[in-house]
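Biologist: I am new to this one and would like to learn how its features get their labels. Could you show it to me and let me ask as we go?

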Amino acid sequence: MKHLPFHRSLPLFLSAVLATTGVLLFSTTASALHSWGSYHWARTSNPFTVKLGDNLSAAWDPYLATTSADWSVSAVLDTNIVTGQGRKNCRATNGRVEVCNAKYGNNGWLGIAQVWVSGTHITQGTVKVNDTYFNKPVYNTTAWKNLVLCQEVGHTFGLDHQDENFSNVNLGTCMDYSNDPTPNQHPNIHDYEQLEIIYAHLDTTTTLASNTAQTGQDIDVSDPPAWGKAIEHDSKGRPSKFERDLGNGRKVHTFVVWAD
Ligand SMILES: [Zn+2]
Ligand SMILES: [Zn+2]
């Protein structure tokens, strides 16, 4: 037999993993598998560096520094804050992530991550935080700013939420929705484990910044229908993830944290 079909080799692989990791895997299965597909930055070696373009006003800079340091704890990736070039509309830059803040209006969202992919490879991303809400006392806190920025940047690496219920026990990760952001301001061990799973293989090419061309198709964030179809909902029934097909194997994924 030349090769085992994937659907037949998978159970063998899983039972091997179970045999070697035993109880640990059982106790973490529910929260450890939270990628949003097989999407990942293409790169030829680990650890790799994702550039975070800083388009933030000075008040947000300490939070980006925290988020950048938090994710750089990962064994497989580092982040590097660079001068942003997103300008007014936070345009995407090929091969990296642009991070922006502005008063985006009373549109309902605290933060948005948009991630462009080609096939399974992430090609660029943008993160936007909405000062229309973050200027209000309820959200103008270190905890809320850390949670939202950490989560949206986390999405740009291929991570999904660990949990989308706001009122259950906090998991201690920014990838967990919560009514109380205090315990959820940073990644937890399962996020780093998930990154190691996503980035276990190497590619022969890279989609990380080798140039700074701005080739991304802009998606109008004020217009949710332009985000494509909703494919996930949070525990309050609000769409938390959208997918839009751009053709030729290209898609843009939009992740939303809604304000109350
Ligand atoms: Zn790959
Ligand atoms: Zn999210």
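Modeller: Happily! The largest nonpolar core here has 45 residues, and those with the most contacts inside it are Trp41, Trp71, Leu110, Phe157 and Tyr199. H5 gives this core its largest share, 6 residues. This is a predicted model, in which local features need pLDDT of at least 70 and side-chain atom pairs count only at pLDDT 80 or more, while totals for chains, interfaces and linings use all residues. Residues are numbered from 1 along each chain as its sequence is written, chains are lettered from A and ligands numbered from 1 in the order in which they are written, and side-chain values use heavy atoms, with hydrogens and water left out.

Biologist: What makes a set of residues a nonpolar core?

Modeller: The members must be buried Ala, Val, Leu, Ile, Met, Phe, Trp, Tyr or Cys residues, joined through side-chain atoms within 4.5 Å. Buried means under 20% relative accessible area, exposed means over 50%, and partly exposed is in between (1.4 Å probe, protein chains only). A second, separate core of 6 residues includes Ile112, Phe242, Val256 and Trp258. As a general point, nonpolar side chains tend to be buried together in soluble globular proteins.

Biologist: Why is the pair of Trp60 and Phe134 called edge-to-face?

Modeller: Rings of Phe, Tyr and Trp (its six-membered ring) pair if their centres lie within 6.5 Å; planes under 30 degrees apart count as stacked, over 60 as edge-to-face and the rest as tilted. The ring centres of Trp60 and Phe134 are 4.9 Å apart and the planes are at 90°, so this pair is edge-to-face. Trp60 sits in the loop between strand E2 (48-55) and helix H3 (61-72), and Phe134 in helix H4 (residues 131-134), so the pair ties together parts 74 residues apart in sequence. Helices (H or I, at least four residues) and strands (E, at least two) are DSSP runs, numbered from the N terminus. Trp60 and Phe134 are both buried, and they belong to one aromatic cluster with Tyr63, Tyr139 and Trp144.

Biologist: What makes the aromatic pair of Trp227 and Trp258 tilted?

Modeller: For Trp227 and Trp258, the distance is 6.4 Å centre to centre, with 45° between the planes, and the pair is tilted. Trp227 and Trp258 are buried too. The structure holds 11 aromatic pairs.

Biologist: How do you know that Lys145 lies over the face of Trp60?

Modeller: The rule asks for NZ of Lys or CZ of Arg within 6 Å of the ring centre and within 35 degrees of the ring normal. Lys145 is at 5.3 Å from the ring centre of Trp60 and lies over its face. Likewise, Lys236 lies over the face of Phe166, at 4.4 Å from the ring centre.

Biologist: Which residues coordinate the zinc ion (ligand 2), and how do you know?

Modeller: Donors are N, O and S atoms within 2.8 Å of the metal (3.2 Å for Na, K and Ca); water is not among the atoms, so sites may look incomplete. Gln151 (OE1), His155 (NE2) and His161 (NE2) coordinate the zinc ion (ligand 2) at 2.0 to 2.1 Å. Along the chain these donors follow the spacing Q-x3-H-x5-H. Gln151 has a relative accessible area of 0%, so it is buried, and His161, at 6%, counts as buried.

Biologist: What coordinates the zinc ion (ligand 1)?

Modeller: His40 (NE2), His121 (NE2), His201 (NE2) and two OD atoms of Asp203 do, at 1.9 to 2.8 Å. The donor residues are spaced H-x80-H-x79-H-x1-D in sequence. His201, at 32% relative accessibility, counts as partly exposed, whereas Asp203, at 14%, counts as buried.

Biologist: Why is the contact of Arg238 and Asp260 called a salt bridge?

Modeller: The term needs a side-chain nitrogen of Lys or Arg within 4 Å of a carboxyl oxygen of Asp or Glu. The side chains of Arg238 and Asp260 meet at 3.4 Å, N to O, in a salt bridge. Arg238 is buried at 17%, while Asp260, at 65%, counts as exposed.

Biologist: How many salt bridges are there by this rule?

Modeller: The count comes to 7. Among them, Glu98 and Arg96 meet at 2.9 Å, and both of these residues are buried. Another joins Lys251 and Glu243 at 3.3 Å. Salt bridges with shared partners also join Asp234, Lys236, Arg238 and Asp260 into one network.
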